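Visitor: Please give me a close look at one part of this model. I would like to follow the helices and strands of a single chain, and then see how they relate to the neighbouring chain.

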Amino acid sequence: MTTEHPILETRDVTIRFGGHVAVDHVSCAFPRGTLTAIVGPNGAGKTTYFNLISGQLKATSGQVLLNGADITRASVPERTARGIGRAFQLTNLFPSLSVRENVRLVAQAKAGKGFDMFSMADSHIELIERAEHVLAEVRLLDDGDRIVSALSHGDQRKLEVALLIALGPQVLMFDEPTAGMSVDEVPVILDLIRTLKQDMDRTILLVEHKMDVIRSLADRIIVLHNGALVAEGEPAAVIAMPIVQEAYLGKVPEAAQ
Amino acid sequence: MLKRLLSGDTPRSPVLTALLLVILLTLAFAPFLLPGTKSLETAARICIFIVLVASYDLLLGYAGIVSFAHTMFFGIGAYGTALALSSTGPSFLSIVWGSAAGALVAALFALAIGLFSLRVKAIFFAMVTLAVASAFAVLVSQMSWLTGGEDGLNYKIPRELTPAFKLFSAKIFGTSVNGKVLSYYLVFTVALCLFLMLLRVVNSPFGRTLQAVRDNDFRAEAIGYRVVWYRTTATVMSAVVAALAGSLLAVWLRYTGPATTLSMEIMIDILLMVVIGGMGTMYGAVLGATLFILAQTYLQGLMGAASSAISAVPVVSDLIAADRWLLWLGVLFILSVYFFPTGIVGRLRKARA
């Protein structure tokens, strides 16, 4: 086994939009099996940094490495196939399809059956079973037949996480997974993330604003500010840093989120 | 068994089931049920358009791709078969190789257009197909040494498919089973097979992926589907089926010209049939094509009769004069889109739920 490389690494990764540098020479390694929280004020470049890792944006300069292999130029589906999976901040589902079908499509993608044209989709029982299994984990099993666009916001967030679980990637990226969820639904998602990290030894990147969530989950925090990485380390130490107090906690009151 | 044949995609509405059965049975026994050549012509036209419209539904309703080149592919199939029949003689072999060649050319065209323009915004693809289809139509009308230009091509088909050929001398229900009837059954059988094949494709893992791509291509990529390839494959498949429908038309009509295959009017008709029937349902193609062609064929006559019956009433009789039929078709279309935005099939299914 080659455990030399961190599972994911960015080296001087930078992206410019015209004159604006949205992510500025960010170098960071994510060791296998850890959960890293990415914090920073709105507009700090957290979601852009995510986009550079999962491939929706391509870096202007610098590199993204997965298991030591350069994936800077790889397309989104290629990165997905190599083991990067992402849940999105703004819910990003297949709205006219049923809840079960959303998850089944992920299982189908993973099984590589997308181009199978002459069998009936519903005859692939194992994919449906996989979907039901994941739906049970996020407590959406009873809503399997519902059309996604009719779901509550909280349930859509759960489904968003379900798609990621069904994909089962090595690196899981959560972009504010609990945003807009009701208080009693939040622990369900947090427990799921905890399980993924501990029992399945997955590497997790988490953009999150709620400090209590970060304290309870993260092994490590990195702080982005104006696109640059300004601090990284143990949660307690990072939260105590003056720059974090000023740049992050000072500017973004909890209530505004 | 029946469920497998329909790929598990049943009509899911009693009224829809009944309508589809009536259409299927009428088309299946058309030569014996309906008197006269005109009604047989209409029945064959309905069969061919069901396939053509269903293949467009694969693109528009399932993959969410707007194309204006569907009649081009239809025309490529028709001209392929027409050229084969006129160059290598009226044999079944000519039909087979002509149709295969037409389908192949259509597939290559679709592949090229798809890879070239499906990467970018949907509107760009629509524009490219419009440009290519217009250029193709001009090209066909200019290359008259090959295509017969605006006059099109007249050719012979195998004798077994012409009215002169009698399968046996006895009559069934007063209809002699001649080559025209055989020709009709060729059209009917191929159309039915192609329709069932499309129904399978849209209910396959591939068809489901197309729906995911239509709903949210961004997310489809993020769960690992290469969206461009799925869109291109759908375009190619729909082009091939459209070309085969064109071949059927070429054999049935014994004539192929720009007006019967390539015109923008037909393209718009196809769009209307998909929308009236119900996008993304396949069965919508059956209802849309049937109703539209019936209206196209009989509305004019019906209105003429009604107009002369009430010729004493001044304004109203003018309004329903025979040559106003397009106006009323337009009104029908607007009303149907307004009241049934999900098409007839969508409406019928909702009524049950």
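Guide: Here is a walk through chain A, with a short stop in chain B.

This is a predicted model, in which local features need pLDDT of at least 70, side-chain atom pairs count only at pLDDT 80 or more, and totals for chains, interfaces and linings use all residues. Residues are numbered from 1 along each chain as its sequence is written, while chains are lettered from A and ligands numbered from 1 in the order in which they are written.

Confidence comes up front. Chain A has an average pLDDT of 89 (the predictor's confidence in each residue, from 0 to 100). Of its residues, 94% score at least 70. Within chain A, α3(A) has the highest confidence, at 96. Helix α9 (residues 242-249) of chain A has the lowest, at a mean of 70. Helices here are DSSP runs of H or I with at least four residues, strands are runs of E with at least two, and both are numbered from the N terminus. Residues 252-257 of chain A stay under 50 in pLDDT. The model gives that stretch 4 contacts beyond four places in sequence. Two residues are in contact if their C-beta atoms, placed from the backbone, lie within 7 Å. Where pLDDT is low, the predicted coordinates should not be read in detail.

Now the sheet. Chain A has an open sheet of 4 strands, in the order β2-β1-β4-β5, with antiparallel pairing. Two strands pair if DSSP finds at least two bridges between them. At the edges stand β2 (20-30) and β5 (69-70) of chain A. Each has a single partner strand, so one side of each is left without a neighbour in the sheet.

Take strand β1 (residues 8-17) of chain A. With β2(A), β1(A) runs antiparallel, joined by 7 bridges. Arg16(A) stands opposite Val21(A) on β2(A). The two strands form a hairpin with 2 residues between them. In that turn, Gly18(A) has a positive phi of about 65°. β1(A) also pairs with strand β4 (residues 61-66) of chain A, in the antiparallel sense, over 5 bridges. There, Thr10(A) faces Val64(A) of β4(A).

Next, the helices. The axes of α3(A) and α5(A) come within 8 Å and cross at roughly 25°. Axes are lines fitted to C-alpha atoms, for helices over the stretch in contact, and angles run from 0 to 180 degrees between N-to-C directions. α3(A) and α5(A) are therefore roughly parallel to each other (angles under 35 degrees count as such). From α3(A), the contact residues include Val99(A), Val103(A) and Lys110(A). From α5(A), they include Leu159(A), Leu163(A) and Leu167(A). The residues of this contact divide into 9 nonpolar, 1 polar and 1 charged. Ala, Val, Leu, Ile, Met, Phe, Trp, Tyr, Cys and Pro count as nonpolar, Asp, Glu, Lys and Arg as charged, and the others, Gly among them, as polar.

These helices also lead to the other chain. In all, 30 residues of chain A are in contact with 24 residues of chain B. On the side of chain A that touches chain B, α2 (76-82), α3 (99-110) and α5 (153-167) each supply at least two residues. α3(A) gives the most, with 5 residues. By class, that side has 17 nonpolar, 8 polar and 5 charged residues.

Chain B has its own helix pair. Helix α4 (residues 37-62) and helix α15 (residues 283-309) of chain B pack at an angle of about 135°, with axes 8 Å apart.

Conventions:
Angles under 35 degrees count as roughly parallel, over 145 as roughly antiparallel, 65 to 115 as roughly perpendicular and the rest as oblique.
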